[in-house]
Every structure is written in structure tokens, then in C-alpha cells.
Amino acid sequence: MTGHGHARWRGSWMLLPGLGFLVLLFAAPLLMGLLGSIGIGMGQGGPTLDHYAQFLHRRTLQVGLLMSIYYGLAPVPVTLVLAIGLALLMRRPFRGSALFSGLYKLPMAVPGLIVALIVMTLAERGGLLDRLAGPLGLALPRLVRDPWGVGVIMATVWKQLPFMTLVITGAFASIPQDVIDASRSLGAGRWSTLLRVELPLAMPGISAAVLLTFIGTMGAYAIPDLLGPAIPRPLAVHMLSEFGDGHPGLMNAIGVVLSVFAMVVLLGYQALAGRARRLLGGAADGKDTP
Amino acid sequence: MVVVMTRSEHGERRAEEALLRVEGVTKRYGASVALHPADLSVAPGEFVTVLGPSGCGKSTLLRLLCGVTEASGGTIMLAGQRIEALPPERRDIAMVFQSHALFAHMSVRANLGFGLRMKRVAAAEQARRIAHAVEICNLGGLLDRMPAQLSGGQQQRVALARAVVMQPALMLFDEPLSSLDAKLREGLRDELVRLHRATGATSLHVTHDQAEAMAMSDRIVVMNGGRIVETGTPVALYRRPRHVFTAGFLGHANLLEVPVEQGEATLPWGQRGPISGAVAGAAAGARGARVSLRPEDIVLTAEEAGAGRITASCFTGASVQYTVQVGQRALRATLGGAAPLLEVGQAVSLKAVAWPLHALEEDRS
């Protein structure tokens with residue numbers, strides 16, 4: 001083996017810790033899930049595509065995919081508007097801003113199950129909100145286990161808002177102040193500058209935050225299980241239910257479908273973001289000449 | 001010509017002529033003062049440079065004029081109207097930034113048209129102005145490119161063109177050339193002067209580069225420590241600075257403490273001559289004054305009995321710079337490159353040729 005070959009091998013060995021971590025915690029469970037979905041392992045009979053056939057024939061599961069997409073998408077606009085508002089609010093220091101910027105991140109540390117229980121306590125029929133509205137003569141609509149999943153959306157917004165705010169705050173902070181000042185000096189007011197300059201420039205960060213929120217919410221099960229309607233249910237809840245019913249193959253097949261969908265969305269985003277990067281950040285093709 | 005509300009010995013104009021008039025404008029951040037009350041005026045078509053070291057308050061002054069920073073006090077009049085309370089978008093001022101500040105998500109064409117769209121300029125007029133700016137800023141063929149696809153020089157020309165299309169009452173330049181390399185800077189400096197002549201736009205330019213200020217400006221406003229120190233034409237400020245700071249900041253100067261008697265100063269090598277300024281007319285008794293003597297205003301002649309001795313020399317082609325020890329002082333003197341070379345260690349006589357000397361005022365800051 002040549003010296004060059006040795007160097008290459010040494011380089012490969014150095015990659016092992018990182019690569020091993022990915023294989024152990026990401027690729028291996030995914031592979032096990034994939035194998036499980038085609039009847040291999042977990043005490044199943046052998047290779048089969050029956051579980052995928054079941055998925056295709058069970059309408060509740062197909063509707064479940066739509067529900068997963070709905071629960072992934074519906075909280076996004078609300079969270080996005082609130083996160084942008086909070087990011088803009090925290091751009092300039094105000095009295096108590098240090099305390100506020102610490103407090104708003106708290107929901108990130110609270111598990112989804114606890115969030116669901118909090119929302120249930122607040123918004124369930126006979127809950128705190130209902131009791132507060134009662135003396136005022138107001139009757140609140142059904143917010144928990146309602147057909148539109150309002151409770152799920154409320155809980156998801158509460159849970160995801162800090163993360164999205166954090167990412168969007170960073171995206172705004174990366175815009176040079178000179179660019180904002182240039183926009184103002186060219187005749188754009190505060191809102192025009194926000195809409196025409198700051199939001200487009202912060203879009204890579206915003207879109208990444210939206211994507212990660214969407215994918216994270218789409219796979220959540222605790223919040224939709226506790227706060228969503230009994231029918232239809234999202235795929236993550238179906239997975240849990242199939243596991244409980246002793247159908248690991250179908251559970252894995254549902255998981256693979258959900259993962260593939262998330263990957264398709266992710267790859268689509270990567271393709272779009274790459275195109276945008278090439279458009280906005282293409283290398284200067286001229287020499288540094290006047 | 002610039003009219004400066006503070007004292008100025010050259011070419012003052014009446015305040016009525018000023019397009020921009022700044023009176024007592026100040027900026028404080030808590031207890032710290034970024035800009036002490038500043039007064040200055042700029043006449044229509046003038047190119048004025050605010051010159052000073054980093055942190056002297058020159059960019060703060062520009063940002064206050066533009067409106068992106070709020071003044072703590074004072075008034076700003078532009079074309080006869082008070083503007084200090086107006087937001088930036090309602091001031092008829094365009095600014096070119098050191099960082100270019102182009103909108104990375106817009107093509108060159110969209111960057112140039114941005115301000116015109118914001119001001120709701122008619123489409124035909126937009127097209128006409130953009131075409132004109134493209135021509136004078138030499139941007140042909142770049143309109144459909146994105147900023148990231150341009151070189152540093154091209155980006156700066158787009159930033160200039162973006163301000164030019166606005167046809168503002170006042171153009172502000174915040175160190176627009178300082179992010180470019182030396183060769184490119186020189187080229188764009190000439191372009192900026194040409195652009196100013198072509199558009200006739202009243203311009204206020206900020207820089208810490210004294211060569212840039214001298215080459216480009218009708219007038220220079222020297223700042224230090226958040227104050228306007230002195231204002232004048234490049235020639236007047238260089239040859240006859242009034243303040244110690246100006247003398248030291250503009251080029252190399254020999255700052256000398258000289259005794260003054262009967263209106264005459266005595267230089268360290270014994271040469272006597274008239275002195276103007278506050279000290280000159282003072283009493284008959286002996287007084288001291290600080291004066292500035294430029295290296296090129298000292299003539300050296302090889303002479304064994306001379307008062308000075310060459311301690312260092314630097315030949316640059318067009319000139320030779322000498323360091324001359326006179327008593328305890330080391331002075332700089334510059335002779336033309338064609339003059340006979342003097343050796344290190346050689347005794348020389350010195351002769352000042354810039355009379356009368358001018359007594360410098362001490363800085364307030």
C-alpha cells in the first residue's frame with residue numbers, strides 16, 4: 001500500500017466516532033424499522049409486503065397521514081406570526097428584556113405530555129378558561145378533542161414557539177444594520193423594510209424553522225392523542241396503538257411511511273434552499289476590479 | 001463652497017446659501033457624548049468631507065443627518081426645512097454605506113429601482129433614471145446579476161448608482177472606499193469625483209483617510225473627540241492649519257514650541273521670522289507659541305557649521321525624506337528627488353521657507 005493509501009485509511013479511521021454515532025443512533029433503528037415493516041425480526045414470520053398492503057387498504061391510516069400533515073401544518077402559521085412578532089420585540093432591549101428572553105424559552109424544556117395536560121386543564125369543558133368565561137356570560141366552543149384539533153394546535157404552538165422564535169431571532173440578527181438603514185434612507189418605512197428587505201433576507205432561517213417545526217409536530221403523538229379528536233387520528237397515534245395491539249410489522253410500516261414523507265419534504269426543501277443559495281450567494285465571478 | 005458656522009478663514013459663504021445647515025446637533029449615549037454640539041453648513045453642489053480618526057464622531061454625524069440615529073439635540077435644516085424630527089424615509093437624503101449594504105435577495109436592477117418604487121416614481125421615469133445611473137456608474141451588462149455575483153468594486157458602484165437614481169438633495173458617503181483594496185480605492189476615488197461633477201449632487205463624505213479627503217473635497221471638516229475642530233479647503237488646512245490636531249493629522253508636520261518676541265518667532269536653529277495668530281499681536285515681552293512646519297517647507301543645505309545633522313534618510317524616488325537632529329529635537333525635512341542626496345551623519349543648515357508661521361490653537365478635546 002502506498003503512503004497516500006495509508007493516509008487515506010488513517011483519515012477514514014478518524015471518521016469512525018462520528019460515523020459510528022450516526023449508524024448506532026440513526027441508521028440502525030431506521031434499518032430495524034424498515035426490516036420490521038417487511039416482516040423481518042421482532043418474531044415475525046419472514047419477508048412480506050403485507051403491512052404496506054394493509055396501509056394501502058385501511059382508509060383510517062390514509063386519513064391518518066392527512067391528519068399528520070394537518071397537525072404538522074396547522075400550527076405553523078400561528079407559531080410563525082407569533083415567533084416573528086417576538087423576534088422583532090426582542091430586537092431592541094426593553095425593561096425586563098433579559099428576564100423575558102430567558103422565560104420565553106421555558107416551554108422547550110417541558111415534555112409534550114405535560115404540555116397536553118396543561119392545555120387540557122385550561123381548555124377542557126369545565127376547565128379554567130370555561131370557568132373564567134362563565135361568569136361573563138360567554139360560552140367557549142369546544143377546544144379539546146374538537147374536530148379541528150384546536151387544542152392540539154394550541155398546545156403545539158405553545159411548545160414550538162420558543163424554538164421557532166430562537167431560530168428567527170438569529171435569522172434577523174444576521175441581517176447587517178447597514179442594510180436596514182439603507183432601505184430606510186431609500187424611502188422605505190419600517191413596515192416596508194420589514195416586508196421587502198428583512199423578511200426575504202431572513203427567509204433561509206425562517207423556512208428552516210418552519211420545516212423543523214413541521215416535521216417535529218407531524219411525528220408527535222402525546223399531544224394529538226390527549227387533545228385531538230378520537231377519529232381521525234394521526235399516524236403517530238396509530239403507530240402507538242398498533243404497537244399496543246401487538247402488530248409491530250404494521251407499526252413499522254406506518255413509521256416508514258411517515259419517515260419517507262418527512263424525508264421527501266426535507267429533500268424538497270434542500271433542493272429549493274440550494275437553488276436560492278446559488279441565486280443569492282453565487283461566488284463573485286469577476287476579479288476585484290472597479 | 002461650504003459655509004461653516006464656526007470660524008473659517010477661507011471662502012466663507014453666507015448662511016443663506018447653505019443647502020444643509022446643522023446647528024448644535026449633538027448625540028449622547030447616557031453619560032457618554034458621541035458628538036458634542038456641532039455646527040456646519042454645506043452649499044448646493046458642494047463636496048464636503050468630514051475627516052477624523054476612528055471614533056471621532058464623524059459617522060455618528062452622518063447617521064444623524066440620514067435619520068437612522070436620533071439626535072439628542074440641535075437642529076438640521078435641509079433646503080430650508082427642519083428635518084431632525086423626520087424619519088429617514090421622509091428626508092431627501094441618500095446614503096452610500098461602507099459595507100455597500102446592497103439587498104442580497106434582489107438583482108442589481110431591483111436594487112437600483114428599490115428607492116424609486118418606494119417613492120412611487122412613475123415607471124418611465126424609473127427606467128430613465130436607472131439607465132442614466134447605469135451609464136455614469138459604468139454598470140452596463142450587470143443589471144440582471146445578483147450582488148453576490150459582483151466584485152467589490154462593482155458592488156460599490158451599484159451602491160453609488162442606487163443613491164444617484166434617487167436624485168436626492170444631499171448624498172452622504174460613509175467611508176465608501178475603505179473596504180476596498182488600495183488600487184481599487186484609488187480608481188473608485190477618481191470615479192466618485194467624476195460622478196460628483198457629472199451629477200452636481202451636494203455631497204457629504206466621511207473618511208479617516210486624509211489623502212482621500214484632500215483629493216476629493218472642496219472643503220474638509222476636521223473632527224476629533226466628538227467635536228468639529230476646524231474647517232477649510234484642503235490647501236488651507238494643509239498649509240495653514242489653525243489647530244494642533246489638524247496640523248498633526250493632515251500629513252506629517254513638525255510641531256514646534258517656539259519663543260515669540262516682538263511678533264517674531266525663533267526656530268530651533270536660530271532663524272527668526274514673523275508669526276501670525278493669537279500670540280503674534282501680543283505684548284512686547286517674550287512669549288511661547290506652538291507652530292507647525294511642514295517637512296517640505298524646510299530647505300537643507302550641506303554645511304559643516306550647520307545646526308542640524310542628518311540621522312536618517314528615505315529615498316522614495318520623487319522625494320527624499322530626512323530626519324534631522326537639531327539639539328534635542330528630531331525634525332522631518334523633505335527634499336525633491338532630483339536634489340543632491342545628503343548622507344546620514346552629514347551636518348546641514350536648515351532654512352524655513354513658509355513665512356509667516358502661524359501660532360496653533362490648542363485642542364479643546
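In this predicted model, S276(B) has H358(B), a residue of β20(B), as its bridge partner. That pair of residues belongs to the contact between strand β13 (residues 272–276) of chain B and β20(B), which run in the parallel sense and are joined over 2 bridges. Both strands are part of an open sheet of 5 strands in chain B, whose order is β14-β11-β12-β13-β20 and whose pairing is mixed. The edges of this sheet are formed by β14 (287–293) and β20 (357–358) of chain B, each of which pairs on one side only.

Just ahead of β20(B) in the chain there is a feature of the backbone that deserves attention. W355(B) and P356(B) are joined by a cis peptide bond, with omega at about -5°, and P356(B) is placed in the loop that connects β19 (347–352) with β20 of chain B.

A second open sheet in chain B has 6 strands, in the order β6-β7-β8-β3-β9-β10, and its pairing is likewise mixed. Because β6 (93–96) and β10 (227–232) of chain B each have a single partner strand, they stand at the edges, and one side of each is left without a neighbour in the sheet. On average, and with direction ignored, neighbouring strands of this sheet are turned by 20° against each other. At one of these edges, β6(B) pairs with strand β7 (residues 170–174) of chain B in the parallel sense over 4 bridges, and within that pairing A94(B) stands opposite M171(B) of β7(B). Strands of a sheet are held in such pairs through backbone hydrogen bonds, whether they are parallel or antiparallel.

These two sheets can be set in the frame of the whole chain. Chain B contains 8 helices and 20 strands, and its C-alpha trace spans about 80 × 45 × 35 Å along its principal axes. Of the 365 residues in chain B, 44% are buried. When contacts in chain B between residues at least 6 apart in sequence are considered, 68% of them join residues that are at least 24 apart.

Among the helices of chain B, α2 (108–118) and α3 (123–136) are connected by a loop that holds R120(B). The phi angle of R120(B) is near 55°, a positive value in a residue other than glycine. R120(B) counts as exposed because 8 other C-beta atoms lie within 10 Å, where the limit for that class is 12 or fewer.

Chain A offers a counterpart in R145(A), whose phi is also near 55°, again a positive value in a residue other than glycine. R145(A) sits in the loop between α7 (128–133) and α8 (150–173) of chain A, and it counts as partly exposed because it has 17 C-beta neighbours inside 10 Å. Chain A also has a cis peptide bond, which joins I231(A) and P232(A) with omega at about -5°; P232(A) is found in the loop between α11 (222–227) and α12 (235–244) of chain A.

The two chains meet through 26 residues of chain A, which are in contact with 31 residues of chain B. On the side of chain A that touches chain B, the elements giving two or more residues are α9 (177–185), α10 (190–218) and α13 (248–281) of chain A. The largest share of that side, 6 residues, comes from α9(A). Sorted by class, the side of chain A that touches chain B consists of 12 nonpolar, 8 polar and 6 charged residues.

Methods
Residues are numbered from 1 along each chain as its sequence is written. Chains are lettered from A and ligands numbered from 1 in the order in which they are written. This is a predicted model: local features need pLDDT of at least 70, side-chain atom pairs count only at pLDDT 80 or more; totals for chains, interfaces and linings use all residues. A residue is buried if 20 or more other C-beta atoms lie within 10 Å of its own, exposed if 12 or fewer, and partly exposed in between; C-beta atoms are placed from the backbone. Two residues are in contact if their C-beta atoms, placed from the backbone, lie within 7 Å. Two strands pair if DSSP finds at least two bridges between them. Ala, Val, Leu, Ile, Met, Phe, Trp, Tyr, Cys and Pro count as nonpolar, Asp, Glu, Lys and Arg as charged, and the others, Gly among them, as polar. Axes are lines fitted to C-alpha atoms, for helices over the stretch in contact, and angles run from 0 to 180 degrees between N-to-C directions.
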